[in-house]
Amino acid sequence: MISAAVETHGERLNQQVTESALPDVTKAGRGTPPESHANPKRKKVLFVTSEISDLVKTGGLGDVSAALPRAMHPLHDVRVLIPGYPQVMNSDNPIHIVGELGGHAALPACKIGRMDLKDGLVIYVLICPELFQREGTPYGANNGRDWPDNHIRFARLGLAAADIAAGEGMVHWKPDLVHAHDWPAGLAPAYMHWRGLKTPTLFTVHNLAYQGVVSRACCPELAIPPHALQQEGMEFYGKLSFLKAGMAYSSHITTVSATYAKEITTAEFGCGLQGFLSSKAQQGLLSGIPNGIDESWDSATDPHLICPFSLNDWDGKAVNASHVRQLFKLQPSTGPLFAVVSRLVYQKGLDLTQGVAEFIVANGGQIAIIGRGEPEEEQAMRELALRFPGQIGVRIGFNETDARRIFAGSDFLLMPSRYEPCGLSQMYAQRFGSLPVARNTGGLADTIEDGVTGFLFNESTVASYEQALSRAFYVYSKPNLLNAMRCLSMTQPFNWCQAVEPYARLYEELVERATATTY
Ligand code: ADP
Ligand code: GLC
């Protein structure tokens, strides 16, 4: 919420409230120890994203945007820029106006607010009610349909990042590097490049399939120069691609697992960009840095759980299973409980889960499904539950508490993704003793050890999936084996430490390289 004084006297405060007048929250709160500022190479990094799980989340990008800036904080001053959706503007955290940015072409003028989260993370909020003050998800209405002006909304996000990097709008904090994420932030590196800024940019691809492609007729309203319409620019089969812009104009590209970084250079996973990405890889400009999971994923202390439980406390885990069965109206059972916690979209292979449902139920298994997404996929899941009353339960919606309880209560997580850049759910499930049954692709291949911490299958087919499920049923029938696998999965070292070092090195290298070429 914006403080009343700012709302009433916004213009006056725009001139009076500057960054230096605000309390130095970086010295307060957990996660910001004083020695954290010891890094002599400490950089100022603007992290541009369309979601952050503290405020608004549709999937893993929200989790990463909340965790990575915090994990980086001991080494670098990472601040987040996010649009002012209602979920952001109406949160309990006060927002102070710190800047004002002019409009450009069809992109309206906006304000920049600063929100300090309780642990010290600084969020810059792009305040532009005509674009962002709408009920729904960051990308569309609650009926699952995208907003028709998303190109304007997210071009405004990219332009705001470029404006801040250029030192405009009285924000009084100029980043040394801009780190942009996925297509909604794709125009940030592009606008910076077209403006001739030397500030380096890092672009992270969380999902190559979502590209933000619009007609080239949008060039004038987005202030895209004609020379951008070329293969080395943001042209994509005669159209404009926000995602390609992010990749074409940034200093370096990362994606979120080592395997996906290789996969996207092939025709099967490259979404038409494999040639472009192969060339980037050959130049050393594409790398994979795996995501981690944050400390809240601890089954012994998670306040969301009906019954927190530790390693070997399988009775505790069973209490969570009973709760999930009640929640999903499943009959009492001694068979395995399978879970789906997922965006309901083609990527996630839910049609394959429909295909194996009969096999699971016939073998004494039950399935609890929570998800939200495309209307057709939602309907297919509802119909699945109707086919197997008392054995398959579905809740359409997004609920963090339920998701955590399902990971805790289930024996197995179903994740037959057609592709998976990293995937967080399979790591959350393992941490809570639920063994993933997953396709051998992307981050799933990198984070699940087949037959040790879960079960992998190679082909996107019901037959391949059922083979992995047969192995899961076998393990379930051998409690000692099941519990040994649970122990191994719960103790996997998934955390953000492994990502901090490569990101920190990249930040430092990119800034040093940009400085060297400037002088
Ligand atoms: P993606 O980002 O492709 O959706 P990830 O596995 O990386 O996949 O991240 C998904 C995140 O969203 C996880 O935090 C998962 O728990 C959460 N999630 C997905 N669907 C739901 C839901 N219906 N309710 C609550 N959380 C969900
Ligand atoms: C995307 C990907 C998912 C990844 C997440 C966070 O949504 O689909 O695999 O884990 O981003 O990087």
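In which strand does Asp116 lie? Select Asp116 and look at the element around it: this is strand 4, residues 110-116. The model on your screen is predicted, so treat each stop as part of a prediction.

**Stop 1: Asp116**

Stay on Asp116 and show side chains. Its relative accessibility is 17%. Buried means under 20%, so Asp116 counts as buried. Now add Arg114 to the selection. The side chains of Asp116 and Arg114 are joined by a polar contact of 2.9 Å.

**Stop 2: the two domains**

Zoom out and colour the chain by domain. Domain 1 takes residues 4-27 + 296-492, and domain 2 takes 49-135 + 148-293 + 498-518. Place a marker at the C-alpha centre of each domain: the two centres lie 28 Å apart. The contact takes 32 residues from domain 1 and 37 residues from domain 2. Keep the two colours on, as both ligands will bring you back to these domains.

**Stop 3: ligand 1**

Select ligand 1 and show the residues around it. There are 22 of them, and Gly60, Asp63, Arg343, Lys348 and Gly397 come nearest.

Where does ligand 1 lie relative to the domains? Both domain 1 and domain 2 give residues to its shell, so ligand 1 lies between them.

Next, pick out individual atoms.

- Gly60: a polar backbone atom of this residue is 2.6 Å from an oxygen atom of ligand 1.
- Lys348: an N or O atom in its side chain is 2.8 Å from an oxygen atom of ligand 1.
- Asn399: here a backbone N or O atom lies 3.0 Å from a nitrogen atom of ligand 1.

Switch on a surface. On its own, ligand 1 has 560 Å² of accessible area, and the protein covers 94% of that.

Return to the cartoon view. Which elements each supply at least two residues of the shell around ligand 1? They are helix 3, strand 13, strand 14 (366-373), helix 15 (400-409) and helix 16 (425-431). Strand 13 gives the largest share, 3 residues. Colour the shell by class next: you should find 8 nonpolar, 9 polar and 5 charged residues.

**Stop 4: Val340 in strand 13**

Stay with strand 13, which spans residues 337-344, and select Val340 within it. Is Val340 buried or exposed? Its relative accessible area is 2%, so Val340 is buried.

Show what surrounds Val340. Setting aside neighbours within four places in sequence, Val340 is in contact with Leu350, Thr353, Ile367, Ala368, Ile369, Ile370 and Leu414. Then select Leu413. Leu413 and Val340 are 73 residues apart along the chain, yet their C-alpha atoms are separated by 6.0 Å.

**Stop 5: ligand 2**

Move to ligand 2. It has 14 residues around it, the closest being His206, Asn291, Glu420, Cys422 and Gly423. Draw three distances.

- Glu420: an N or O atom in its side chain is 2.5 Å from an oxygen atom of ligand 2.
- Cys422: a polar backbone atom is 3.0 Å from an oxygen atom of ligand 2.
- Gly423: a backbone N or O atom lies 2.7 Å from an oxygen atom of ligand 2.

The protein covers 93% of the 310 Å² of accessible area that ligand 2 has on its own.

Which helix gives the most to the shell around ligand 2? Select helix 3, residues 60-72: it gives 3 residues. Helix 3 also appeared among the elements around ligand 1. By class, the shell around ligand 2 holds 6 nonpolar, 6 polar and 2 charged residues. Bring back the domain colours. Domain 1 and domain 2 each provide at least three residues of the shell around ligand 2.

**Stop 6: two loop residues**

Finish with backbone angles. Select Asp182, in the loop between strand 6 (177-181) and helix 7 (187-194). Asp182 is not a glycine, but its phi is positive, about 60°. Its relative accessibility is 10%, so Asp182 counts as buried.

Now go to Asn312. This residue sits in the loop between strand 12 (286-288) and helix 12 (314-327). Its phi is near 75°, again a positive value in a residue other than glycine. Is Asn312 buried or exposed? At 52% relative accessibility, Asn312 counts as exposed, because the cut-off for exposed is over 50%.

Key:
Residues are numbered from 1 along each chain as its sequence is written. Chains are lettered from A and ligands numbered from 1 in the order in which they are written. This is a predicted model: local features need pLDDT of at least 70, side-chain atom pairs count only at pLDDT 80 or more; totals for chains, interfaces and linings use all residues. Side-chain values use heavy atoms; hydrogens and water are left out. A residue is near a molecule or strand if one of its heavy atoms lies within 4 Å of it. A polar contact is a pair of N or O atoms within 3.5 Å; within protein, one must be able to donate a hydrogen and the other to accept it, and residues adjacent in sequence count only if both atoms are side-chain atoms. Accessible areas come from the Shrake-Rupley method with a 1.4 Å probe; for residues, only the protein chains shown count as cover. Helices (H or I, at least four residues) and strands (E, at least two) are DSSP runs, numbered from the N terminus. Ala, Val, Leu, Ile, Met, Phe, Trp, Tyr, Cys and Pro count as nonpolar, Asp, Glu, Lys and Arg as charged, and the others, Gly among them, as polar. Domain bounds come from an automatic or database domain assignment. Buried means under 20% relative accessible area, exposed over 50%, partly exposed in between (1.4 Å probe, protein chains only). Contact means heavy atoms within 4.5 Å.
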